[in-house]
Amino acid sequence: MDAESMIASLTDRFPDDVYDADIESAIRTAAKVKPENVVDVCRYLKEELSFGHLCCEFGVDYPDRNEIEVIYMLGSYEHPVILTMKALLSRDEPEIESVVPVYWNANWYERETYELYGVKYLNHPDLKPLVLPIEMLGEWPLRKDYKGFPNKTAKNLV
Amino acid sequence: MEETVGPSEMIVHLGPQHPMMPGPFRLNAKLRGETVVDSEVDLGWIHKGIEKILENKTYLQGITIVDRICYLEALTNEEAYVGCVEKLAGIEVPERAQYIRVIVEELSRIQSHLLGMGEYASFVGFVSMFMYTIRDREDVLTLLDSVTGARITHSFLRFGGVKDDLPEGFKDDVKYVFGNLRKAIDSYEDQYSSDSIYKARTVGIGVLTADVAKDMGVSGPPLRATGVDFDIRKDEPYLVYDDLDFKVCTHRDGDVYARIQVRLDEMRESMHIIEQCLDQIPSGPIFPENTPYGKRSPVMRIPAGEVFHRVESPRGEMGFYMVSDGSEKPHRVKIRGPVYPTLQTLPPLLKGVNVADIVAIAGSMDTCTSEADR
């Protein structure tokens, strides 16, 4: 199955949830997904289109649009196509369903996105900081308006 | 992991300073007798905030920063970073520069495997092996030094090319070093396969099956040891890997022994690749002409866009996702390291094993905490 038929199959199955689908090249595709149904879309991608490999999941901050994008890079062990799936969240209260039930290794990616961007993952098994100290929770250091960089070091915390 | 302990249970903290890993990381293991009941990985002891630093540096400064993600895979990190910028800016790399890149990246794969394998051998009590591998690694590092000018953090790649051409007489040096290294790798394999105590500690220990490994997002030697031939160099070829003849080394068993065997085979395959490169390398420029970006232009504006570029690092799939907004600094750089999912597999993999096998299993994954924390 090539990239075109994969995207066609995805948009046919989820006409309301998936939008802005795009084929950049034979191995790179992109789509946007509505945050409410991200788990169903991921499950379909994994089970029907063999996107069984979550390359990574992370956030990108856009303060001028007042949005945080959560990006899922979905790859596969069977075919070379990579799908860049984005979910657009409000910057004031970013919340999205966790995809850990579908992609097991999303666990740490979601913990990291939570502590760096403040994206709250609903139904995540263990949503706590991963790489940052617990004292820094709530500062969301990778947001563009974070003022602590580069002076706020571990030394200043204690 | 639940913090409460039952009768005859206790929690043992391995780390943050533990010889099991190059870099601090903590493993909290709950033991019942000598069996691991549950465990938990605690990261963040060496978090450097590289993704944030990259957002505040120009593109050229970023090359030096990505070296520091993990010094063992500095050149493949550079390749992933530089590849992103090249894709965004549409820079074509001259063929000679591509060959030089393949040569240095494969050399870096050899030295990484030698160190990883030697350290791992010392965890299972085979300390003399560490001395052998570190001796042979020094020869490979000298080769890398003669090309890049540095032993570990090279800052060698540039957008569109490389910093320097190969030195005079490099081919003869490679021939000499590889002659010795081939014999050395044969002797490692011989020593590993003939030592009954070593085999008792590694065969059938820490078995990862193909389905589980795929589900957990593992890549690199731990995945290939389960029989899955997933290799970015074949599946999504970059540079000139399409023109080179090499095979993806796999093994069936997925245990500690298989992971080491895959690394031994990969070193042989890397030497084969480098020898082909030295035979095929064309003459020509090592930096593109007619490009708006100079070799050392400190400020370069990259067209706005988003790109994901991945390469096969010594530990698996290394990918960079770069968002450019048209300014001289990237808007966002996400580093997808191979070690991150591999470390995540440790808690389920360690369930039910003997406490003495923890270091053998964790060491055989050849993880680098510095890269997982970034």
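This section describes the contacts between two chains, selected strands and helices, and the nonpolar core of a predicted model.

The interface between the chains is considered first. On chain B, 24 residues are in contact with 23 residues of chain A. The elements of chain B that each give two or more residues to this side are the helices α1 (50–55), α8 (210–215) and α12 (339–344), together with the strands β7 (316–324) and β8 (332–336). In terms of residue class, the side of chain B that touches chain A comprises 10 charged, nine nonpolar and five polar residues.

Two of these interface elements, β7 and β8 of chain B, also belong to an open sheet of three strands, in which the order is β6-β7-β8 and the pairing is antiparallel. Strands β6 (305–313) and β8 of chain B occupy the edges; each has a single partner strand, and therefore one side of each is left without a neighbour in the sheet. From one strand to the next, the twist averages 10 degrees. The antiparallel pairing of β6(B) with β7(B) extends over nine bridges, and B:F308 has B:Y321 in β7(B) as its bridge partner. Helix α3 (residues 74–89) of chain B lies across β6 and β7 of chain B, and runs at about 150 degrees to β6(B).

The loop between α2 (59–67) and α3 of chain B contains B:L72. This residue counts as buried because it has 25 C-beta neighbours inside 10 Å, where the threshold for burial is 20 or more. Discounting residues up to four places away in sequence, B:L72 touches B:S112, B:L115, B:P314 and B:C368. A separation of 17 Å is found between the C-alpha atoms of B:L72 and B:G62, which are 10 residues apart along the chain.

Antiparallel pairing also occurs among strands β1, β2 and β3 of chain B. Strand β1 (residues 9–14) of chain B pairs with strand β2 (residues 26–32) of chain B over six bridges in the antiparallel sense, and B:I11 has B:K30 in β2(B) as its bridge partner. Strand β2(B) is in turn joined by seven bridges to strand β3 (residues 35–42) of chain B, again with antiparallel direction; here B:L27 stands opposite B:V41 in β3(B). The strands β2(B) and β3(B) form a hairpin with two residues between them, and in the turn B:G33 has a positive phi of about 65 degrees.

In chain A, helix α1 (residues 3–13) has A:M6, A:I7 and A:L10 as buried residues. These lie on the same side of α1(A), because they cover an arc of only 95 degrees around the axis. The packing partners of the buried residues of α1(A) are β1 (18–23), β2 (28–33) and α2 (38–48) of chain A. By contrast, the exposed residues A:E4, A:S5 and A:D12 are carried on the face of α1(A) turned away from its buried side.

The largest nonpolar core has 150 residues, of which A:M73 and A:L74 touch the most other members. Helix α4 (residues 95–123) of chain B supplies the largest share of this core, with 14 residues. Contacts of A:L74, not counting residues up to four places away in sequence, are made with A:L45, A:F51, A:L54, A:C55, A:I82, A:L83 and A:M85. In soluble globular proteins, nonpolar side chains tend to be buried together.

Key: Residues numbered from 1 in each chain as written. Chains lettered and ligands numbered in written order. Predicted model: local features only at pLDDT ≥ 70, side-chain atom pairs only at ≥ 80, totals over all residues. Contact = placed C-beta atoms within 7 Å. Helix = DSSP H or I, 4+ residues; strand = E, 2+ residues; numbered from the N terminus. Nonpolar A, V, L, I, M, F, W, Y, C, P; charged D, E, K, R; others polar. Pairing = 2+ DSSP bridges. Buried ≥ 20, exposed ≤ 12 C-beta atoms within 10 Å, placed from the backbone. Arc of directions from axis to C-beta. Axes fitted to C-alpha atoms, helices over the stretch in contact; angles between N-to-C directions. Core = buried A, V, L, I, M, F, W, Y, C linked by C-beta atoms within 7 Å.
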